[in-house]
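Biologist: I would like to learn how to read individual features of a structure, taking them one after another. Could we begin by putting the sequence and the model side by side?

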Protein chains: 2
Amino acid sequence: MENRRILQIQADVNSALERFLTRQSSGLIEIDEHLKPVAISLAEFVRDGGKRFRPIFSYLGYLGAGGQPSNAALNASSALELVHACALIHDDLMDESDSRRGRPSLHRLFEVLHRDSNYLGSSEKFGTAAAILIGDLALSWSDQMVHATNSDFVDSLDFAKALPLFYEMRSELMAGQYLDVLEGAIAKSNTNRSRKIARFKSGKYSIERPLQFGGALASGKPEILKTYSDFGLPLGEAFQLRDDILGVFGKSEITGKPSGDDIKEGKRTLLIALTLESCNPDQLRFIENSLGNNDLPETDVNQIQNIILDTGGLNRCEEMIERLYSESISALDNSDIDEEIKELLTFMATAATKREK
Amino acid sequence: MENRRILQIQADVNSALERFLTRQSSGLIEIDEHLKPVAISLAEFVRDGGKRFRPIFSYLGYLGAGGQPSNAALNASSALELVHACALIHDDLMDESDSRRGRPSLHRLFEVLHRDSNYLGSSEKFGTAAAILIGDLALSWSDQMVHATNSDFVDSLDFAKALPLFYEMRSELMAGQYLDVLEGAIAKSNTNRSRKIARFKSGKYSIERPLQFGGALASGKPEILKTYSDFGLPLGEAFQLRDDILGVFGKSEITGKPSGDDIKEGKRTLLIALTLESCNPDQLRFIENSLGNNDLPETDVNQIQNIILDTGGLNRCEEMIERLYSESISALDNSDIDEEIKELLTFMATAATKREK
């Protein structure tokens, strides 16, 4: 599934990130050459990082609100990827994940550096400290990248309108992450709560807010920001539901994560909540006992997959994705956004909900 | 040691933080009432937080560069305290510190919440996740607080000049923190490296950059920013050296930290590096074996204190503080900063280097 215009935006986002990270890395290494592993690992983490959904949605939001093609808007949009890098680096640390996109997670990378260098003390503690600080750096740099634009092109973009949305997005992300952790600890699955968490942690953060941020950069009117919300919120939820499904059924050679990863991490996703609602007591006990078991054998993962199939949990999830997708597309169709941008957003909506990784 | 004008600035900084945090907290709790502990604990962490050195230096930097008394400048200066909150929260987590200012550290606080609420899973993991996310929130909010000013008073302050210094300061902080962790792992004390780390981790971050940030907000000329550097860098180093001394000799009822905390954490401070240079082999072995031992008995802490006294390490450290202090004061005296601000900066220089906590 390809779209030339989207591929071009993606390539431009990658270039913008590359330019920014190259400059920042030099700055770090000038302070001390021992910071090389920090600079390199963060740049590689961002470089290898997937789909650029958030920058693309932001830039499309900008174009859809009438913004003219602009490097400044593209640069500010690309900064969202640095927020995302912080979220993933810190998330992997909190989840104690060993890998990300088929490579060692950042804290594990620095554990290995510690071990290979024969450093003193605990390798694990060293990895933890490095991942905390590198995530902080990414978060801190996200603002810097937004404002790098600000000083160069201060007149062409509406920062006064866009910045509050950027800040709102980051607070909602942290809030959603905390609620997600809390949900695992409370350990009572509840479809309403799961939907709410999915909305904040992923839906708003991945789609609605990026669209609105971009729209605001182009001084978008309230109606267009409302359209982005009507399109982005259901789509964001569908996006997260696809994530839930891939977290259980995803092929590890495609997702880059161990199979059944979400089960092992004990994530109480909506898919799990929907399944538990239709389980018999044996199935329920089996799932509850497996959630959060990091060493869960492959056969047990398969058995849970079967339960999710048998109870209709997967079907209900797929139906919800379908319904949410349609809801978002009709919001788009009913708007007066430029036809070409509508097409690109529709393409992105499909990519976000029908992906395999 | 008191100064009415400084006390007034400190009180104004506290009010600005209180106002901002109250607004942000409401926003969080509107998302979900389960975020109350997040909002409350971060607000309390900032509220209980000491001396406000960085905001005060920033605001004095602003006034010294000719800025007129302004709530906007005070607000932007106060935002530095949120960067500091992130640094401390994440630092306590990396160091596995149990307490901060005589109260449980944030990750321990959420461990207790987890235990008291009979949540599932590991209390420690929950505490870690909460501290990571709350630190991220503080860092993210620091930008927001700087720019809250930006949108309200966009014309009165020179953000184009000041923001790069703000970003530089944060990168230097993270860089210094990483080098500090690395130094503990490399475990070869070296006075040159210790001084460099002290310069980045604390000196530039605590004094030089805040002064320059404030100065730039008032469109300070290059000469004044240079003066702030000449005053701030040696003073910052002296500030850190006082920290080193308090980390070994500080009275825990005043510092709010366990006595000999730095030894137990294995910090390779300049005080330790200076001491090791003059140790006999037995003393050297004793110190090397004690560094990083979290359960070091009180008698061993005392013995290390005696070694630091006997070898003259403490004296050399005090002499360096004295020399650095004089250096910074002469840079100030030789500048054409307004006499009243000179006096306030001199007062602050004394407070930073002669404090007991």
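Biologist: In which helix of chain B does B:Ala39 lie?

Modeller: Before we start, please keep in mind that this is a predicted model. B:Ala39 belongs to helix H2 of chain B, which covers residues 36–47.

Biologist: Is B:Ala39 buried or exposed?

Modeller: The idea is to compare the relative accessible area with a cut-off, and under 20% a residue is called buried. B:Ala39 has a relative accessible area of 5%, and therefore it is buried.

Biologist: Leaving aside neighbours within four places in sequence, which residues is B:Ala39 in contact with?

Modeller: With those neighbours set aside, B:Ala39 is in contact with B:Ser25, B:Leu28 and B:Ile29. Separation in sequence and separation in space are read as two values: B:Ala39 and B:Gly67 are 28 residues apart in sequence, and their C-alpha atoms are 34 Å apart in space.

Biologist: Let us turn to charged pairs. How many salt bridges does the structure hold over all chains?

Modeller: There are 54 over all chains. To call a salt bridge, one looks for a side-chain nitrogen of Lys or Arg within 4 Å of a carboxyl oxygen of Asp or Glu. A:Glu18 and A:Arg47 form such a pair, with their closest N and O atoms 2.8 Å apart. This pair links distant parts of the chain, since A:Glu18 sits in helix H1 (residues 4–31) of chain A and A:Arg47 in helix H2 (residues 36–47) of chain A, 29 residues apart. A:Glu18 is partly exposed at 31% relative accessibility, and A:Arg47 is also partly exposed, at 42%.

Biologist: Which residue forms a salt bridge with A:Arg195?

Modeller: The partner is A:Glu237, and the closest N and O atoms are 2.5 Å apart. Here too the pair links distant parts of the chain, with A:Arg195 in helix H9 (residues 191–217) and A:Glu237 in helix H10 (residues 222–249) of chain A, 42 residues apart. The two ends are not alike in accessibility: A:Arg195 is partly exposed at 28%, whereas A:Glu237 is buried at 7%.

Biologist: Which side chain meets that of A:Asp32 in a salt bridge with an N to O distance of 3.4 Å?

Modeller: That side chain belongs to B:Arg193. The pair crosses between chains, from helix H9 (residues 191–217) of chain B, which holds B:Arg193, to the loop between H1 and H2 of chain A, which holds A:Asp32. Both B:Arg193 and A:Asp32 are buried. One should also ask whether a pair belongs to a network, and in this case A:Asp32, B:Glu183, B:Arg193 and B:Lys196 are linked in a network of salt bridges.

Biologist: Which residues form a negative surface patch?

Modeller: The patch is formed by A:Glu96, A:Glu124, B:Glu96 and B:Glu124. A:Glu96 lies in the loop between helix H5 (80–95) and strand E1 (99–100) of chain A, and B:Glu96 is found in the loop between helix H5 (80–95) and strand E1 (99–100) of chain B. A:Glu96 is partly exposed, with a relative accessible area of 37%, and the value for B:Glu96, likewise partly exposed, is 37%.

Biologist: What is unusual to look for in the backbone, and what is the phi of B:Glu96?

Modeller: One looks for a positive phi in a residue other than glycine, and B:Glu96 has such a value, near 55°. A:Arg101, which is not a glycine, has a positive phi of about 55°. A:Arg101 is placed in the loop between E1 and strand E2 (103–104) of chain A, and at 28% relative accessibility it counts as partly exposed.

Conventions. Residues are numbered from 1 along each chain as its sequence is written. Chains are lettered from A and ligands numbered from 1 in the order in which they are written. This is a predicted model: local features need pLDDT of at least 70, side-chain atom pairs count only at pLDDT 80 or more; totals for chains, interfaces and linings use all residues. Side-chain values use heavy atoms; hydrogens and water are left out. Patches are made of residues with over 30% relative accessible area and no salt bridge: like charges are joined within 9 Å, nonpolar side chains (Val, Leu, Ile, Met, Phe, Trp, Tyr) within 5 Å. Accessible areas come from the Shrake-Rupley method with a 1.4 Å probe; for residues, only the protein chains shown count as cover. Lys and Arg count as positive and Asp and Glu as negative; His and the chain ends are not counted. The place of a charge is taken as NZ of Lys, CZ of Arg, CG of Asp or CD of Glu. Helices (H or I, at least four residues) and strands (E, at least two) are DSSP runs, numbered from the N terminus. Buried means under 20% relative accessible area, exposed over 50%, partly exposed in between (1.4 Å probe, protein chains only). Contact means heavy atoms within 4.5 Å.
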